[in-house]
Amino acid sequence: MPTPLRSLSGLIDFDAAARWGSFRLAAVELHKTAAAVSQQVRQLEQALGFALFQRHPRQIELTDKGRELAATVARLLGELRGRVGALQEVGAEAVLRVSTTHSFAMKWLVPRLHRFSARHPALDLRLEATDAVVPLEPGRCDLAIRYARLDAHDPAELLLREQLVLVHAPGLPGTRAPDGGTVGLATLLQLPLLYEETPARWLAWLQANHLPVRRYDFARGYSHGGLLVQAAVAGLGLALVPLALAGEDIAQGRLQRVPSRALPAGYGYRLHYADAARELPRVVAFIDWLRVEAAGAGEIDG
């Protein structure tokens, strides 16, 4: 019959040694001696009744059981540290942690945040802009706004259904006729055409607007939608841009929208949050505000 653990002593030492693959390096992290770490791990092995490491003259190596336990200990210690950090933080109930992509943060969220702060001045919003998927953990992230394909099964609430529109900077050479009037699409399409990653969406837009697919000047590509919008603002060409990312620049007159049929992008922004965070007042307030902003911009799904 398995003997239950009577003490958790040694688990932190074991976690550090497993991560570093070395008692010496674990000792540096823990501000101990290597002998002390080794002794703690050996006592833990005795309590467990099986070996965690294979010890070689110049290195240590996790056993199969040691590897399984290391994964479990790392996960549990991570959750524990996150919870302790949240409890230790002064005014943690007023701290709202939000994660989203670089482009959405820069071009959609940040320009609007002053309105959220005016409505909720007591909340301390901490925004992390990253294209990586941030874990929804206490003390790390309360809510994430993620960009994903719409045809993928995802129960998360859809905030924005993205569409692509044609824009250029006011005064861009080639966008005005000699008499000062506007020029047609055929003339505009002779300008350098800006795109995100590949020109594939341009081809779909041309077909949606019943325009010929021929040789165009697909001059400049950009890795992110936010960069594409900034390139259009800088007057580098005619751009097919995500409306959500370009909406503020259009509203402020930094970009001019060309009358034409918008193209559904097949992507959208969804709200993700841990079940435990959904009823937190700060999260509820932020979600309600997001819905109002999206509806006001005419971009909300539905």
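Which side chain does Arg 55 meet in a salt bridge? Here are a few notes on this predicted model, with the charged pairs as the theme.

1. The partner of Arg 55 is Glu 45, and their side chains form a salt bridge with an N to O distance of 2.9 Å. Arg 55 belongs to strand β1 (residues 53-55) and Glu 45 to helix α3 (residues 34-48), so the contact ties together parts that are ten residues apart in sequence. On accessibility, Arg 55 is partly exposed, at 31% relative accessible area, whereas Glu 45 counts as buried, at 8%.

2. Moving on to helix α4 (residues 64-88), Arg 75 and Glu 79 sit four residues apart there, a separation of about one helical turn. Their side chains meet in a salt bridge at 3.8 Å, N to O. Both ends are partly exposed: Arg 75 has a relative accessible area of 47%, and Glu 79 has 45%.

3. You may also like to look at Asp 249 and Lys 107, a salt bridge whose closest N and O atoms are 2.6 Å apart. This pair links distant parts of the chain, with Asp 249 in helix α10 (residues 243-251) and Lys 107 in helix α5 (residues 102-109), 142 residues apart. Both of these residues are buried.

4. Salt bridges can also share partners, and in this way Asp 15, Arg 19 and Glu 29 are joined into one network.

5. For the overall tally, the structure contains 15 salt bridges, among them the Arg 55 to Glu 45 pair raised at the start.

Notes: Residues numbered from 1 in each chain as written. Predicted model: local features only at pLDDT ≥ 70, side-chain atom pairs only at ≥ 80, totals over all residues. Heavy atoms only, no water. Salt bridge = Lys/Arg side-chain N within 4 Å of Asp/Glu carboxyl O. Helix = DSSP H or I, 4+ residues; strand = E, 2+ residues; numbered from the N terminus. Buried < 20%, exposed > 50% of the residue type's maximum accessible area, 1.4 Å probe, protein only.
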